[in-house]
Protein chains: 2
Amino acid sequence: MLLKRWLVGDPLKTAQAADERLSKTLALAIFSSNAISSVAYATEEILLVLILAGTAAIAWSIPVSFAILFLVVVLTISYRQIIYEYPEGGGAYIVARDNLGELPALIAAAALMIDYVLTVAVSVAAGIAALTSAVPSLFEHREALGLVASLFIVVMNLRGVRESGKFFAVPTYFAIGALGVMVVIGSAKALFGPGTPIPPDNQVAIEEMTLFLVLRAFAAGCSAVTGMEVISNGVKAFRRPESKNAATTMIHMSVILAVLFLGISFMADHYGVLPKTDETIISQLARLTFGTGAVYYALQIGTMLLLILAANSAYAGFPHLSSILARDSYMPRQMATFGDRLVFSNGIFILGFFACFLLILFHGDTHALIPLYAVGVFISFTFSQAGMVRRWLTKKGPHWRKKLIVNGVGAVTTGIATIIIASTKFTHGAWIVFLLIVILVWMFRSIHSHYKAVSEQIALTRDHRPPLPRRNIVIIPISGVNQAVIRAVDYARSRGGEIRAVLVDVDSESTARLQIQWAQWGCGVQLMVLPCPYRSVLRSLLDHIEELLEKNQDYWVTVVIPEILPARWWQNILHNQRALLLKASLLFKDRVILTDVPFHLKR
Amino acid sequence: MLLKRWLVGDPLKTAQAADERLSKTLALAIFSSNAISSVAYATEEILLVLILAGTAAIAWSIPVSFAILFLVVVLTISYRQIIYEYPEGGGAYIVARDNLGELPALIAAAALMIDYVLTVAVSVAAGIAALTSAVPSLFEHREALGLVASLFIVVMNLRGVRESGKFFAVPTYFAIGALGVMVVIGSAKALFGPGTPIPPDNQVAIEEMTLFLVLRAFAAGCSAVTGMEVISNGVKAFRRPESKNAATTMIHMSVILAVLFLGISFMADHYGVLPKTDETIISQLARLTFGTGAVYYALQIGTMLLLILAANSAYAGFPHLSSILARDSYMPRQMATFGDRLVFSNGIFILGFFACFLLILFHGDTHALIPLYAVGVFISFTFSQAGMVRRWLTKKGPHWRKKLIVNGVGAVTTGIATIIIASTKFTHGAWIVFLLIVILVWMFRSIHSHYKAVSEQIALTRDHRPPLPRRNIVIIPISGVNQAVIRAVDYARSRGGEIRAVLVDVDSESTARLQIQWAQWGCGVQLMVLPCPYRSVLRSLLDHIEELLEKNQDYWVTVVIPEILPARWWQNILHNQRALLLKASLLFKDRVILTDVPFHLKR
């Protein structure tokens, strides 16, 4: 408990919840890092696909990058509409639920949940890649480093959302700044300076240059726009006026993302930088721009922290989405409850668990994770935009035609992108995502129908009447007279009911001795001796209880069990085995209620 | 449950226990099979050691066999004295406990327990070897076959001791008969017939012929006498007069054992039969004597069944020893209780588990198990005999000098044998047995001292007085009004105490609604609303309970928890998480007693 307090801080009162709102500056750090950090790997993933067709194909990275820029613009404009329309937070699940119905909403939710997990895994892996590019000796430990980073993020998040933000804001802004400086200097050198383009290695083409390969490169690059939806989910976390602040932050984010992404793609193309196993494109560009000095190292560390904050942002989104689903009874109820620090601890644990699982499964390798990535996010993008289209068509309202066109363009664009991503990545791993979506949707629906069945079963209807008072027979099974037994008798007597101790007559001699002891210690409670024809104490007790239930059709039967609680866990095997069997046998008997009266041993 | 009944039969009344006594004929099958069946592998194990010094060394098997015959004679005579002196059953543990004290008794008990497990494993492995010698295609499945046989024996034993005996008696006598016929015919052919000794393969000597090797061969052959103590443990299971019947059965057993063992050793030597990986010596001798026909197959099947019955005999001994130890508080108490079928089910399960473990660990290979075998049995032999020596010295009685000499010879002989076995086998695996003995003895003593500490802690002494009546505050934490809650209220009301429902005010709107519902459904029970400053229902409840305990220093506090019990196990994750946390938090609070009132869901 002390450790927990130290790690996650003191619990906060509800009144403090209002203060947990984020300024635009903090919100940009927390919510935008997910999208912006993608620049650390998006260009590299495009190049990794194109290189399959040889170094000449690299030139295609520029048109692909512009296609992705177009996506950024479309998404920014259409998501701003969502932000204004859903000031309470308009995640894909909510938009789809309100406008498209249950199934699309659940598909969007499942897709998003999967992508939250992937965001953590990909971002952490890429963050560690930034580190190992600078310090190659750590390369072989990247899996372990990824796990450590993940656990660190979990602990930070359990400390609460504002503190996590504060912790990361400074290095994040530093990283954005450093990347910006690199892009400006690097581009300027490229455009105006003498330029020292590296002669490109003549990589052998493995595949032919086809349209399909370009589309695959586009699909890989789409990882750049993942995370753009994060702000729209978290509008409520902004200070008042929430929507306006969120929309402004959205613009800031998109501009930063666009500038960095295009700049890096341009530089990579201009300098002919090719992907390497153990060094990222960013690291190579930074070395070219700044040389391998203090600035280079600072930029790598900054990039790493930016990526880790991106992973961190999923820890705001995932538990939030879980809690919304839990409130709608699609997830276990306990996911909906606030934890100690006003954050959704359960969701944090689950996200952390699965992200670590993926990191271990894919050995902390960004490129291995990418084929699974972005599919889910684009599915949710499409459902969001389609939901908004449907909304304008039914709700109308001021300027609805203009808004319809904006979201319509958004829906069509993201829809096409989704099809491209799904079809080019399907055999490379995206099928897993589709399978998981089906499983998750099935799970959501099972949980929902279970909760529905439960509330029907426990509902009080007009046919019910408040119950009439009933009598209660209390039995205390004993096999000796000792402090534990007397404690149970003392407890049973302190409440009402018809109390009797019952003793199974295994051995007539000890039964007689016990009856004498009972006269002294039994607190006036009647002692009943049961015959034991089958040498089974349990059977005799069960027969007796069965008989009581049959004779007294309307009574409750309470079984008070004197239980010895040992001081050490292993000692449990030496005690209460009979009580355990008794409890297991009585669990499904209606009208029988068990009460353990523990007697705590000291040693 | 139906499956259990079908497998293990109906429970028996105590009155039937007297009938469970064994006739001499049945007792010989059950108790002697352990010792007699050893002939199936003892000769082979002697040869396996001697062959290391080349084929010429095989001749040493005859003197070694005679040394073992001497052991048989000594053990028979000295164990007959134990049988008469301990008609209640004189296992090594009891004899050592009565005469030598706690530590020797526990060492003997530990040694015996280990050897019971090894008896099962070795006998099953040898039984399967008898089968695979006849049907070589099964050789590669010997591990799986061994496990099947072990499980079969466990089930048979759960059906009760007499039925297990009946099941095996006929094939056992058949096997003894068939082995007898083989020995007689084979020896006659060897002595009087023309004889067709196989020219021995000129096996290359790996080791030199040394005294140590002869002693190792003797140690390996000592496996022949394991199981000779079984009768003395089980005197009580014989019909009246128990001791006389048991002593007579002991003689029968020893004669059969001696004749078969010597005969097989003689034949093996005469025909120059050498051990093979996939065929036993017995199988080779049987082929030579009868040819590979119906008689041969019958003899192999008979040998297998004899060995399986030997394994079975450990299932009588082990649970019996466990129950004696449990009654002396050296083993968990539940080991002492009769199971459904008047047998010690717990012991049977444990023995079966460890035997299967050994079979898997040693891949069902007899030879791999042998180095661990016999050590334990000889330690217990020695302690038994030494105990008897001490007994005659202190107790004296008629003919005590004669008896002293008999057991004295027994003690010295078995002592020397123990030293030989331990020293020659120590590095081959016997060290494991010594280590296990130390661990088991430590375990016995820990359990004993724990039970002692418990009985001291719960004992009622002169300083105790029967407790004065105390009051009881009953609280029912609720978060809604439904059938499960009303059921809990109905139950609480059926007993006395000061009852109140408590509601944590998480949301003032729903609290107000609930208070109105309570007026209708609350059965007149007071509803108390607790503030919720930390957004934690659990914390509010705990604070309230803490307050109650403090204000009412002498009261009990009962927490009645309405619990929803789902129809399927996986649904548990969707319910009662809060109740679980509450229970965990209250478990170690003195004066707080929890009562679950389950509401069973149908779907």
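Here are some short worked exercises on this predicted model.

**Exercise 1. Domains of chain A**

Find out which domains chain A is divided into, and how far apart their C-alpha centres lie.

Solution. Start with the bounds: domain 1 covers 21-452 and domain 2 covers 472-600 of chain A. Then take the C-alpha centre of each of these domains of chain A; the two lie 62 Å apart.

**Exercise 2. A helix pair in chain B**

Work out how H7(B) runs relative to H14(B): roughly parallel or roughly antiparallel?

Solution. First, pin down the helices: H7 of chain B spans residues 142-158, and H14 of chain B spans residues 345-361. Next, look at the geometry, where the axes are 10 Å apart and the packing angle is about 175°. Angles over 145 degrees count as roughly antiparallel, so H7(B) is roughly antiparallel to H14(B).

Now for who meets whom. On the H7(B) side, the residues in the contact include B:Gly146, B:Ser150 and B:Val154. On the H14(B) side, B:Gly352, B:Ala355 and B:Leu359 are among them. Sort the contact by class and you get eight nonpolar, five polar and one charged residues.

**Exercise 3. Around B:Ala121**

Find which residues B:Ala121 touches, leaving aside those up to four places away in sequence.

Solution. Begin with the largest nonpolar core, which has 382 residues. B:Ala121 is one of the four that touch the most other members, along with A:Ala108, A:Ala121 and B:Ala108. Then list the partners of B:Ala121: B:Ala355, B:Leu358, B:Leu359 and B:Leu369. Two of these names should ring a bell, since B:Ala355 and B:Leu359 also turn up in the H14(B) contact with H7(B).

**Exercise 4. Cis peptide bonds**

Locate the cis peptide bond that ends at Pro241 in each chain.

Solution. In chain A, the bond joins A:Arg240 and A:Pro241, with omega about -10°. A:Pro241 sits in the loop between H10 (230-233) and H11 (242-271) of chain A. Over in chain B, B:Arg240 and B:Pro241 are joined by a cis bond with omega about -15°. B:Pro241 is in the loop between H10 and H11 of chain B.

**Exercise 5. A positive phi**

Decide whether A:Ser329 is buried or partly exposed.

Solution. Spot the backbone first: A:Ser329 isn't a glycine, yet its phi is positive, near 65°. Place it next, in the loop between H13 (294-327) and H14 (345-361) of chain A. Finally, count neighbours. A buried residue needs 20 or more other C-beta atoms within 10 Å; A:Ser329 has 19, so it is partly exposed.

Definitions and conventions
Residues are numbered from 1 along each chain as its sequence is written. Chains are lettered from A and ligands numbered from 1 in the order in which they are written. This is a predicted model: local features need pLDDT of at least 70, side-chain atom pairs count only at pLDDT 80 or more; totals for chains, interfaces and linings use all residues. Domain bounds come from an automatic or database domain assignment. Axes are lines fitted to C-alpha atoms, for helices over the stretch in contact, and angles run from 0 to 180 degrees between N-to-C directions. Helices (H or I, at least four residues) and strands (E, at least two) are DSSP runs, numbered from the N terminus. Angles under 35 degrees count as roughly parallel, over 145 as roughly antiparallel, 65 to 115 as roughly perpendicular and the rest as oblique. Two residues are in contact if their C-beta atoms, placed from the backbone, lie within 7 Å. Ala, Val, Leu, Ile, Met, Phe, Trp, Tyr, Cys and Pro count as nonpolar, Asp, Glu, Lys and Arg as charged, and the others, Gly among them, as polar. A nonpolar core is a set of buried Ala, Val, Leu, Ile, Met, Phe, Trp, Tyr and Cys residues joined through C-beta atoms within 7 Å. A residue is buried if 20 or more other C-beta atoms lie within 10 Å of its own, exposed if 12 or fewer, and partly exposed in between; C-beta atoms are placed from the backbone.
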